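Here are some questions and answers for a reader who has not met this structure before. They concern salt bridges and one helix.

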Amino acid sequence: GVITNTGGAVRVRTLPGQENYPAVNANGIQSQVLSRWASSFSVTAGTKNAALEAVGRSVSTARPSTGKRPKKTLDKKAGNKDCKADIAFLIDGSYNIGQRRFNLQKNFVGKVAVMLGIGTEGPHVGVVQASEHPKIEFYLKNFTAAKEVLFAIKELGFRGGNSNTGKALKYTAQKFFSLENGARKGIPKIIVVFLDGWPSDDLEEAGIVAREFGVNVFIVSVAKPTTEELGMVQDIGFVDKAVCRNNGFFSYQMPTWFGTTKYVKPLVQKLCSHEQMLCSKTCYNSVNIGFLIDGSSSVGESNFRLVLEFVSNVAKAFEISDIGSKVAAVQFTYDQRTEFSFTDHVTKEKVLSAIRNIRYMSGGTATGDAISFTTRNVFGPVKDGPNKNFLVVLTDGQSYDDVRGPAAAAQKAGITVFSVGVAWAPLDDLKDMASEPRESHTFFTREFTGLEQMVPDIIRGICKDFLDSKQ
């Protein structure tokens, strides 16, 4: 067994697989070991030296079998573009785990890193070692190729000390994901905590801090505490309190550090499913905002520019990307024209440029028809998506048709409606369109220049509704 000192308590563990190893013969050779080694390499028939080369390579550079991987990721430098993640591996470097299992842990983390498909446009990873004091070993920005990451992981030295995982988790959430250290805007932030046995400090507060920073905490626990060891665990429910959400998705268990290859792929699949990263979802990166813009004759060209400026300033506040928030715009008179839909532009620059390029139509005012048109054509295609849907209606006058029915139908379809009226827009119409509570979803200003002051209120309103819907 392995004897590890954990601050006064002596912990003896029989390493799995030790019990049934064959006796070592006089030359110190174990008969079964080679077959164990060989199984961690794919040796292809036909190349005579492959077996020798394979055995000569250290185990930590073993590549996961690439047989099942789709061919999409041919561009090595770009990496797996479908895996959107900035990941900190928080590894256990305490006396609890010991040097030997520390090396097996590095081996496992290396395999996960390779299978993730690290690259400039793929996932980025860094490593923090938890011991008496946490140490950031390398940042997200330090390496963008799997080979380099693998080498850096191999070179990590074992630090020892207590496994102050809570302290390390809090430190990582606060210090690791800064933009200057390579964190990318709009990409989910993930900390994967590796725990051998149990933490020697409290994880609950660290979990709360991580959630406040928008970080998704995963816990990979290896070798559960034995019955004798449970007495030393400060809080048996530590996993549930630290993870992003206690829904089973964010915790992962491995019985031992031996034979972990089969656990690599399922963990990678979890880390790459960005739509499950509930803790990175904020109102800024998880909403669809549709703008319904009055282009009637009474607005006039110069006021129409002020309306577009208002739309730009609201849109600017959100993190627009293919996996983030999205913006669409429809202009209406008696007719409706989709200026651009949610899927047309996936960067903020392109959205803002599209708003600037909207041409003023001029004509009548049929707001009810326009709401029905937008609900059906613009929100219809995204109604089953992960983002929460908002419609901001801007009008300067009385509608020629009924607005109440179409607005009720939009709300029934899961769209929260804000109504913004200028000049001659009747308050009754505005209230009839707005979602409940109507007071906080209805806005009015006499002059078009007054739109500017409303921008922060609309943004705050969207965020409040978003948070309320998550409770």
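Partly exposed means a relative accessible area between the buried limit, under 20%, and the exposed limit, over 50%. The model is predicted.

Q: How many salt bridges does the count come to?
A: The rule asks for a side-chain nitrogen of Lys or Arg within 4 Å of a carboxyl oxygen of Asp or Glu. By this rule the count comes to twelve.

Q: Is E121 buried, partly exposed or exposed?
A: A residue is buried under 20% relative accessible area and exposed over 50%. E121 has a relative accessibility of 46%. That value lies in between, so E121 counts as partly exposed.

Q: With which residue does K81 form a salt bridge?
A: The closest N and O atoms of the pair are 3.9 Å apart, and the cut-off is within 4 Å. The partner of K81 is E121.

Q: How many residues apart are K81 and E121?
A: K81 is in the loop between α2 (50-56) and β3 (86-92). E121 is in the loop between α3 (98-116) and β4 (124-130). The pair links distant parts of the chain, and the separation is 40 residues.

Q: Which residue meets K170 in a salt bridge?
A: The N to O distance of this pair is 2.9 Å. K170 lies in helix α5 (residues 165-175) and its partner in helix α6 (residues 204-212), so the pair ties together parts that are 35 residues apart in sequence. K170 is partly exposed at 26% relative accessibility, and its partner is partly exposed at 44%. That partner is E205.

Q: In which helix are D468 and K464 about one helical turn apart?
A: The side chains of D468 and K464 meet in a salt bridge, with 2.9 Å from N to O. D468 is partly exposed at 42% relative accessible area, whereas K464 is exposed at 52%. The two residues are separated by about one helical turn because they are four residues apart in helix α15 (residues 451-470).

Q: What span should the residues of α3 have, at 1.5 Å a residue?
A: The expected span is 1.5 Å times one less than the number of residues, and α3 has 19 residues. The end C-alpha atoms of α3 are 27 Å apart, which agrees with the expected span of 27 Å.

Q: How many residues of α3 are buried?
A: Helix α3 is largely enclosed by the rest of the structure. This follows because, of its 19 residues, the number buried is 15.

Q: Which residue just after α3 takes a positive phi?
A: The phi angle there is about 85 degrees. The residue is G117.

Note on methods: Residues are numbered from 1 along each chain as its sequence is written. This is a predicted model: local features need pLDDT of at least 70, side-chain atom pairs count only at pLDDT 80 or more; totals for chains, interfaces and linings use all residues. Side-chain values use heavy atoms; hydrogens and water are left out. Buried means under 20% relative accessible area, exposed over 50%, partly exposed in between (1.4 Å probe, protein chains only).
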